[in-house]
Amino acid sequence: VDPRLLAAIARRHEAEVGRTLVLATRVPDRPGALANLLAIVGAAGANVLDVEHTRDRPDLRLGQTGVRLTLETRGQEHAQQVGAAIGEAGYEVRVEG
């Protein structure tokens, strides 16, 4: 059995049942901005699996940083609650894949 294939199947299943949430947002490009976003994620009870932090995308304005988070949640309802908590904190949230 190919372990990479098994891992891909497991990741796909986790996404389908809502246990993995991938979202993108923007934060100000200043110290502490990413930590503030992650504090909201933690307070909502999600576990951070991966963080992609970039400053050089053409869709970003000066002074902004793009953040893509891969989060572990307890299911679809919890994933929606996490996204809502981030949005309520003033972040524009885009759910991906």
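Which residue forms a salt bridge with Arg68? Select Glu96 to find out: Glu96 is the partner, and the closest N and O atoms of the two residues are 2.7 Å apart. Glu96 sits in strand β4 (residues 94-96) and Arg68 in strand β3, so this pair ties together parts of the chain that are 28 residues apart in sequence. Keep in mind as you look around that this is a predicted model.

**Stay with Glu96**

Now add Arg94 to the selection. Its side chain also meets that of Glu96 in a salt bridge, at 2.6 Å from N to O. Colour by accessibility if you like: Arg94 counts as partly exposed at 44% relative accessibility, and Arg68 is partly exposed too, with a relative accessible area of 32%. The structure holds seven salt bridges, so there are others to visit.

**On to Asp29 and Arg55**

Select Asp29 and Arg55 next. Their side chains form a salt bridge, 2.9 Å from N to O. This pair links distant parts of the chain, 26 residues apart: Asp29 belongs to the loop between β1 (20-28) and α2 (33-43), while Arg55 belongs to the loop between β2 (47-54) and β3. Asp29 is partly exposed, with a relative accessible area of 36%, whereas Arg55 counts as exposed at 52%.

**From Asp29 to Gln64**

Keep Asp29 on screen and select Gln64, which touches Asp29 as well as Arg26 and Val27, leaving out residues up to four places away in sequence. Gln64 lies in strand β3 (residues 64-72). Is Gln64 buried or exposed? Its relative accessible area is 14%, and the cut-off for buried is under 20%, so Gln64 is buried. Zoom in on its side chain: one of its polar atoms lies 3.0 Å from the backbone nitrogen of Arg61.

**Finish in the nonpolar core**

For the last stop, hide the charged side chains and select Leu37, Leu69, Leu71 and Ile86. These are the residues with the most contacts inside the largest nonpolar core, which has 14 residues. Which elements give two or more residues to this core? They are β1, α2, β3 and α3 (76-88).

Centre the view on Ile86 and show what surrounds it. Apart from its neighbours within four places in sequence, Ile86 is in contact with Leu23, Leu37, Ile40, Val41, Tyr91 and Val93. As background, nonpolar side chains tend to be buried together in soluble globular proteins.

Methods: Residues are numbered from 1 along each chain as its sequence is written. This is a predicted model: local features need pLDDT of at least 70, side-chain atom pairs count only at pLDDT 80 or more; totals for chains, interfaces and linings use all residues. Side-chain values use heavy atoms; hydrogens and water are left out. Helices (H or I, at least four residues) and strands (E, at least two) are DSSP runs, numbered from the N terminus. Buried means under 20% relative accessible area, exposed over 50%, partly exposed in between (1.4 Å probe, protein chains only). A polar contact is a pair of N or O atoms within 3.5 Å; within protein, one must be able to donate a hydrogen and the other to accept it, and residues adjacent in sequence count only if both atoms are side-chain atoms. Contact means heavy atoms within 4.5 Å. A salt bridge is a side-chain nitrogen of Lys or Arg within 4 Å of a carboxyl oxygen of Asp or Glu. A nonpolar core is a set of buried Ala, Val, Leu, Ile, Met, Phe, Trp, Tyr and Cys residues joined through side-chain atoms within 4.5 Å.
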